[in-house]
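Colleague: Could you take a close look at the strand pairing in this model, and then follow it outwards to the side chains around it? A single connected account would suit me best.

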Amino acid sequence: MPTIEEIKNYTPLIAILISIIALLISIFNAINTRKSLNLSIKQYQNKLTNFEIYLINSYSITIAGERYLLFHITLTNKAESKNSFQPTLILEYLDSENQLTKLQLPHVPEQMTSITKKKFSFFSKQIFTNEKESISKWLLFSYNLKSLENKIIDSYVISLKDTSGMTQMVRSKIIKELS
């Protein structure tokens, strides 16, 4: 059995050994805490609003003095939470003084009965998406031809605004005439 004097000789060595073990445990805890923080940040960012729109095709058709504009889009909700969107179309045209003017039009799926030439699957007035979901459908907008008579349309901008106020836009310069 060691004596107290022999144990006193080893006391600094034991203290250093305990300190090294405590240091290793602290480093291990710091690494785990950093990994946990990074994972929490990634999970938080995945729940934030994150969506994209892609324009596939676009058509226009004139029926009884009304111009109908149809846009086939894909809406991708990249977030890990459900979301809803309000679509609008911004017509950019040159007025009589050659100034660029904007006209905002709402999505009007209730007028789809006016278009009987082809079968289209339209988004509802308010678009709802699930987590990590992608949807492809048509948007429908209309305006009276007389309101833009003798105006040159410069571009068509589809705007989707979600419930948190984030907006994504896609622009088109050309629309095919549906016959």
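Modeller: Two strands are said to pair if DSSP finds at least two bridges between them, and what follows describes a predicted model. On that footing, strand E1 (residues 51-63) and strand E2 pair in the antiparallel sense, over 12 bridges, and within this pairing Ile-53 has Leu-75 of E2 as its bridge partner. The hairpin made by E1 and E2 has 2 residues between the strands, and Ala-64 takes a positive phi near 50 degrees there. That value of phi is a positive one in a residue other than glycine, and Ala-64 itself is found in the loop between E1 and E2. With a relative accessibility of 80%, Ala-64 counts as exposed, because the exposed class begins over 50%.

E2 also pairs with E6, again in the antiparallel sense and over 12 bridges, with Tyr-68 standing opposite Ser-142 in E6. Strand E2, which runs over residues 66-77, is mostly covered, since 10 of its 12 residues are buried. Ahead of E6, in the loop between E5 and E6, lies Lys-132, whose phi is near 50 degrees and positive although the residue is other than glycine. Lys-132 has a relative accessibility of 51% and therefore counts as exposed.

From the backbone we can turn to the aromatic side chains. Rings of Phe, Tyr and Trp are taken as a pair if their centres lie within 6.5 Å, and by this rule the count comes to 6 aromatic pairs. In one of them, Phe-120 and Phe-122 have ring centres 5.9 Å apart and planes at 45 degrees, so that the pair is classed as tilted. Phe-120 counts as buried because its relative accessibility is 16%, and Phe-122 is likewise buried, with a relative accessible area of 12%. Phe-120 forms an aromatic pair with Trp-138 as well, and this one is edge-to-face, at 4.8 Å centre to centre and with 75 degrees between the planes. The pair of Phe-120 and Trp-138 links distant parts of the chain, given that Phe-120 sits in the loop between strand E4 (100-106) and strand E5 (127-129), whereas Trp-138 belongs to strand E6 (residues 133-144), 18 residues apart. Both partners, Phe-120 and Trp-138, are buried. Taken together, ring pairs join Tyr-59, Phe-120, Phe-122 and Trp-138 into a cluster.

A further buried position is found in strand E3 (residues 83-94), where Thr-88 lies; its relative accessibility of 16% is the reason why Thr-88 counts as buried. Once residues up to four places away in sequence are set aside, Thr-88 touches Gln-104, Leu-105, Phe-141, Val-157, Ile-158 and Ser-159.

Away from the strands, helix H1 takes up residues 4-47, and Ile-27 lies within it. Ile-27 is one of the residues that make a nonpolar surface patch of about 560 Å², the others being Ile-16, Ile-20, Leu-23, Leu-24 and Ile-31. At a relative accessibility of 42%, Ile-27 counts as partly exposed, because that class lies between the buried limit of 20% and the exposed limit of 50%.

Terms used:
Residues are numbered from 1 along each chain as its sequence is written. This is a predicted model: local features need pLDDT of at least 70, side-chain atom pairs count only at pLDDT 80 or more; totals for chains, interfaces and linings use all residues. Side-chain values use heavy atoms; hydrogens and water are left out. Rings of Phe, Tyr and Trp (its six-membered ring) pair if their centres lie within 6.5 Å; planes under 30 degrees apart count as stacked, over 60 as edge-to-face and the rest as tilted. Buried means under 20% relative accessible area, exposed over 50%, partly exposed in between (1.4 Å probe, protein chains only). Helices (H or I, at least four residues) and strands (E, at least two) are DSSP runs, numbered from the N terminus. Contact means heavy atoms within 4.5 Å. Patches are made of residues with over 30% relative accessible area and no salt bridge: like charges are joined within 9 Å, nonpolar side chains (Val, Leu, Ile, Met, Phe, Trp, Tyr) within 5 Å. Accessible areas come from the Shrake-Rupley method with a 1.4 Å probe; for residues, only the protein chains shown count as cover. A salt bridge is a side-chain nitrogen of Lys or Arg within 4 Å of a carboxyl oxygen of Asp or Glu.
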